[in-house]
Structures are given as structure tokens and as C-alpha cells.
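Colleague: Please take a close look at a single part of this structure, and then work outward from there through whatever packs around the rest of the chain. Keep to what can be computed from the coordinates.

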Amino acid sequence: MKERLVISGFADEISSDFDAQLKTVTELGMKYISLRSADGKGIADYTVEEVRERLVPRLDAAGVKVSSIGSPIGKVGIADEEGFQKQLARLDELCRIARLLECRFIRMFSFFMPEGANPADYREAVLEKMKQFLDVARQYDVVLMHENEKDIYGDTGARCLDLMESIDDPLFQSAFDFANFVQCGEDPAACWDLLHEYIVYIHIKDAVSNDNENVVCGTGEGKIKELLDRAVNQEGYEGFLTLEPHLVLFDSLASLETTDAKNIIKENKAKDGAEGYAMQYRALCGILDEI
């Protein structure tokens, strides 16, 4: 099983400093990260040349590769045309970055819905814009992974499935996030039933529904052990399990979440990001040993 599964993680939860990220990752014996931000700067704000000059030498020195680009593509209001056009241009650069890093996957989203709106009213607009994103990715043979996320069109299992079936393209697949489904009032197991044939990437993040707080993986309502057992031992899942602990308030969280960060991390569950990351890593290893 170890040959089929690779543990990665959003290393910016360790520290905003890229060297500190790589230090913790390598000390844990990990060989991959999901690149979301480095040195306090979001990956979507980097150019290819900046990545080549500033990040690649440090990745190479540490012996660490990139499993996915943790982009914010699709985290823009569905009616924000200017924002969408900016993201199209950003995606082109991110695809170039992915190719530079020999990384096949870019994580993305399906647009914020207006507050109180019926997402069904925006379905056609979402599909049309997602296909424009896909047109960019196709030029580089990069897989766009849609992550289920709070407050976007694809926040429920049913709407995620609608996206997958409607777009129906091998370069558009699913990144499964247990905690986000919990926080949207969805049953992760039912969502897995809907999406499992499209899942190419798994985020290891857990939560409880009574206050939507994130907790150490395997201790919440994400059904992580149950679903990993099914994925690995029954369905033959191969690929990345990417740590996204959300156990400590980290620098870039405020820009990643639509709600107040303190609503989902009410108190730090570790002394710092490095300890929280290690806690999540060890908890996942324990789950894998059990299954």
C-alpha cells in the first residue's frame, strides 16, 4: 500500500517562511508538498521566473517535489467579470509553473455565490466559466482538480457531481475534502458515493459539525478512516493524501477563507504550525497503519 499512496501537504500551514516549511517536511520524511504560498506570497502571485529563481533551487536542495498547485482559481464571485478575466490570465501562468515543477495537478474552485442566492440560478454561468478555465489547462495538459468548498457552487456532493458529469473531461477531476463537506452539512460518505470515480486527489482535513471547527484527522465527523479504507482497499485508490490540518491559525488562512478564521480554528491545537502539521501527519500514518 505504501507504494500506492504518497503523503503530501499544504506546507504553508507550517510557516510562511519557505525554508521553515521544507525543514519540517523533510524532518518528517515527506518528499512532497502542495504549493499554496511561500515566503508569505500566494503561488498565484508568483511568475514562472520567480518560481524558477526563488523556489526551485530550495526544493531541489531539500529533495522535495510538488504534488499540486494550491491555487485560488475560481475563488471569485460568479458575477465578477473583471476578477474572472484576471484569473484566466493567472491560470495560464500557474499552468506554466506546474509544468516547470513537473506537477500535473492544479487545485481550483467553482465561484462564490451571492449571499442568499439559489446556486441553481448560476449553474450555466458556472459551467461556461469553468470550461474557459479548462481551455487554458488543456494547452498545458494540466489537470484541474475541483475542491468542494464552502460558499461556492460546488459545495454539496450533488453539485460537485453535476460539475463532473456536465463538463466530462479527463482534465477536470475532483479533489475530495472531508472537512468541507462536514462544514456544509453534507455526509462525507454519501458524497464519496457520488464522486468516487472522479476523485484523483484527497485532502486530509477533519471537522465537527456542532461548531464547524477543524480537528485532528480521524477525530471528527469526516469519516476519514472509513473512507480511506474503502478508497484504498476496495477501490484501489492510488495517489496523494495531502495534509491540510487547519489546527493552528496560520498567516495565510485569512485570505483563504470566506468566513472569520477564528470560526473554524477557535483555539490553536498545537504550539505552532510545525507541531500541528506533525500532529496531522502522525494521525494520518496511524490511520493508514490501521487500514
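Modeller: I start with Asn148, which has a relative accessible area of 1% and therefore counts as buried, the cut-off being 20%. The model is a predicted one. Asn148 sits in the loop that runs from strand 7 (143–147) to helix 5 (157–167). Its side chain lies 2.9 Å from the backbone oxygen of Asp177. Apart from neighbours within four places in sequence, the residues that Asn148 contacts are Gly154, Cys160, Ala175, Phe176, Asp177, Asn180 and Phe181. Asp177 thus appears both as the polar partner of the Asn148 side chain and in the list of its contacts.

Another polar side chain to consider is that of Gln183, a residue of helix 6 (residues 178–183). The relative accessibility of Gln183 is 9%, so it is classed as buried. Its side chain and that of Lys150 are joined by a polar contact of 3.1 Å.

Next comes the nonpolar packing. In soluble globular proteins, nonpolar side chains tend to be buried together. Here the largest nonpolar core has 94 residues, and the members that touch the most others are Ile69, Leu101, Phe133 and Leu228. For Leu228, with neighbours within four places in sequence set aside, the contacts are Phe178, Ile202, Ile204, Asn233, Leu241, Leu284, Ile287, Leu288 and Ile291.

Ile287, one of those contacts of Leu228, belongs to helix 11 (residues 273–290). At a relative accessible area of 6%, Ile287 is buried. With the same neighbours in sequence set aside, it contacts Cys217, Gly218, Ile224, Lys225 and Leu228. Its C-alpha atom is 15 Å from that of Ser8, although the two residues are 279 places apart along the chain.

Helix 11 has 18 residues; the distance from its first C-alpha to its last is 26 Å, close to the 26 Å expected at 1.5 Å a residue. At its N-terminal end Asp272 acts as the cap, with a side-chain oxygen 3.3 Å from the backbone nitrogen of Ala274. The buried residues of this helix are Gly273, Gly276, Tyr277, Ala278, Gln280, Tyr281, Ala283, Leu284, Ile287 and Leu288. An α-helix has 3.6 residues a turn, so residues three or four places apart point the same way. The elements that cover the buried residues of helix 11 include strand 1 (5–9), helix 1 (18–27), strand 9 (199–204), strand 11 (214–215), helix 8 (224–234) and strand 12.

Helix 3 (residues 81–100) can be treated likewise. Its 20 residues should span 28 Å at 1.5 Å a residue, and the end C-alpha atoms are 29 Å apart, which agrees. Asp80 caps the N-terminal end, a side-chain oxygen lying 3.4 Å from the backbone nitrogen of Glu82. After the helix comes Glu102, with a positive phi near 55°. Buried in helix 3 are Gly83, Phe84, Gln87, Leu88, Leu91, Asp92, Leu94, Cys95, Ile97 and Ala98. Their cover includes helix 2 (48–62), strand 5 (65–70), strand 6, helix 4 and strand 7. Phe84, in the buried set of helix 3, has Lys129 over its ring face at 5.1 Å from the ring centre. In a second arrangement of this kind, Lys75 lies over the face of Phe109, 4.7 Å from the ring centre.

That leaves the ring pairs. A pair of aromatic rings is described by the distance of the centres and the angle of the planes. The model contains nine aromatic pairs. For Tyr32 and Phe240 the centres are 5.0 Å apart and the planes meet at 65°, so this pair is edge-to-face. Since Tyr32 is in strand 2 (residues 32–35) and Phe240 in strand 12 (residues 239–243), the pair ties together parts 208 residues apart in sequence. Tyr32 is partly exposed, at 22% relative accessibility, while Phe240 is buried, at 14%. A stacked pair is made by Phe111 and Phe133, with 5.7 Å between centres and 10° between planes. Phe111 lies in the loop between strand 6 (105–108) and helix 4 (123–138) and Phe133 in helix 4, 22 residues apart, so that the pair links distant parts of the chain. Both of these Phe residues are buried. Finally, ring pairs join Tyr32, Phe105, Tyr201 and Phe240 into a cluster.

Methods. Residues numbered from 1 in each chain as written. Predicted model: local features only at pLDDT ≥ 70, side-chain atom pairs only at ≥ 80, totals over all residues. Heavy atoms only, no water. Core = buried A, V, L, I, M, F, W, Y, C linked by side-chain atoms within 4.5 Å. Buried < 20%, exposed > 50% of the residue type's maximum accessible area, 1.4 Å probe, protein only. Contact = heavy atoms within 4.5 Å. Helix = DSSP H or I, 4+ residues; strand = E, 2+ residues; numbered from the N terminus. Polar contact = N/O pair within 3.5 Å; in protein donor to acceptor, adjacent residues only side chain to side chain. Phe/Tyr/Trp six-rings, centres within 6.5 Å; stacked < 30°, edge-to-face > 60°. Lys NZ or Arg CZ within 6 Å of the ring centre and 35° of its normal. Expected span 1.5 Å × (residues − 1).
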